[in-house]
Amino acid sequence: TGPRPRSGSVDAEALRRRLGGFRRGADAGRRDVEAELAAERSRGDDTTEEATGGTVEEASS
């Protein structure tokens, strides 16, 4: 199945709402990760990228 043909104009306000929801979700996820990393640092966990030597992508290349 290929892409669906466009059926007309785009509802700009609906698109704004959807993109706004995506942005809020991405921001919330970023805040969660930052809080988790800060908690790990305060506990002295050695599982951060700096302690382990990088990311999986760096290790595989």
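# A walk through a three-helix model

Read from one end of the sequence to the other, the protein follows the pattern α-α-α. That pattern comes from three helices and zero strands. Keep in mind that this is a predicted model.

Begin with the protein as a whole. The chain has 61 residues, and buried residues make up 3% of them. The protein exposes about 5800 Å². Carbon and sulfur atoms supply 52% of that area.

Now look at helix H1, which covers residues 12-43. Leu19 is found in this helix. Leu19 also belongs to a nonpolar surface patch, together with Val10 and Leu15. The patch has an area of about 280 Å².

Val10 leads us to another feature. Along with Arg4, Pro5, Arg6, Ser7, Gly8 and Ser9, Val10 lines the largest pocket. What is the volume of this pocket? The volume is about 150 Å³. The lining is mixed in character: two residues are nonpolar, three are polar and two are charged. Pro5 and Val10 are the nonpolar ones, because both Pro and Val count as nonpolar. Arg4 and Arg6 supply the charge, because Arg counts as charged. Ser7, Gly8 and Ser9 are the polar ones, because Gly and the residues outside the other two groups count as polar.

Next come the charged pairs. Side chains of opposite charge can pair when their charged atoms come close. How many salt bridges does the protein have? The count comes to three.

Take the pair of Glu13 and Arg16. Their side chains meet in a salt bridge, with 3.0 Å from N to O. Both residues lie in helix H1. They are three residues apart, about one turn of the helix. Is Arg16 buried or exposed? Arg16 counts as exposed because its relative accessibility is 52%, and the cut-off for exposed is over 50%. Glu13 has a relative accessibility of 42%, so Glu13 counts as partly exposed.

Move along helix H1 to Arg23 and Asp27. Arg23 forms a salt bridge with Asp27, and the closest N and O atoms are 3.4 Å apart. These two residues are four residues apart in helix H1, again about one turn. Arg23 counts as exposed because its relative accessibility is 57%. Asp27 has a relative accessibility of 22%, so Asp27 counts as partly exposed. Why is Asp27 not called buried? Buried means under 20% relative accessible area, and Asp27 is at 22%.

Asp27 has a second partner. The side chains of Arg30 and Asp27 meet in a salt bridge, at 3.0 Å from N to O. Arg30 and Asp27 both lie in helix H1, three residues apart, or about one turn. Arg30 is partly exposed because its relative accessible area is 47%.

Put these two bridges together. Arg23, Asp27 and Arg30 are linked in a network of salt bridges. Asp27 takes part in both contacts, with Arg23 and with Arg30.

Note on methods
Residues are numbered from 1 along each chain as its sequence is written. This is a predicted model: local features need pLDDT of at least 70, side-chain atom pairs count only at pLDDT 80 or more; totals for chains, interfaces and linings use all residues. Side-chain values use heavy atoms; hydrogens and water are left out. Patches are made of residues with over 30% relative accessible area and no salt bridge: like charges are joined within 9 Å, nonpolar side chains (Val, Leu, Ile, Met, Phe, Trp, Tyr) within 5 Å. Accessible areas come from the Shrake-Rupley method with a 1.4 Å probe; for residues, only the protein chains shown count as cover. A salt bridge is a side-chain nitrogen of Lys or Arg within 4 Å of a carboxyl oxygen of Asp or Glu. Buried means under 20% relative accessible area, exposed over 50%, partly exposed in between (1.4 Å probe, protein chains only). On a 1 Å grid over the protein atoms alone, a cavity is a set of points where a 1.4 Å probe fits but cannot get out, and a pocket is an open set with protein on both sides within 12 Å along at least five of seven lines; lining residues have an atom within 4 Å of a point. Grid points are joined across faces, edges and corners, and a volume is the space filled by probe spheres set on the points.
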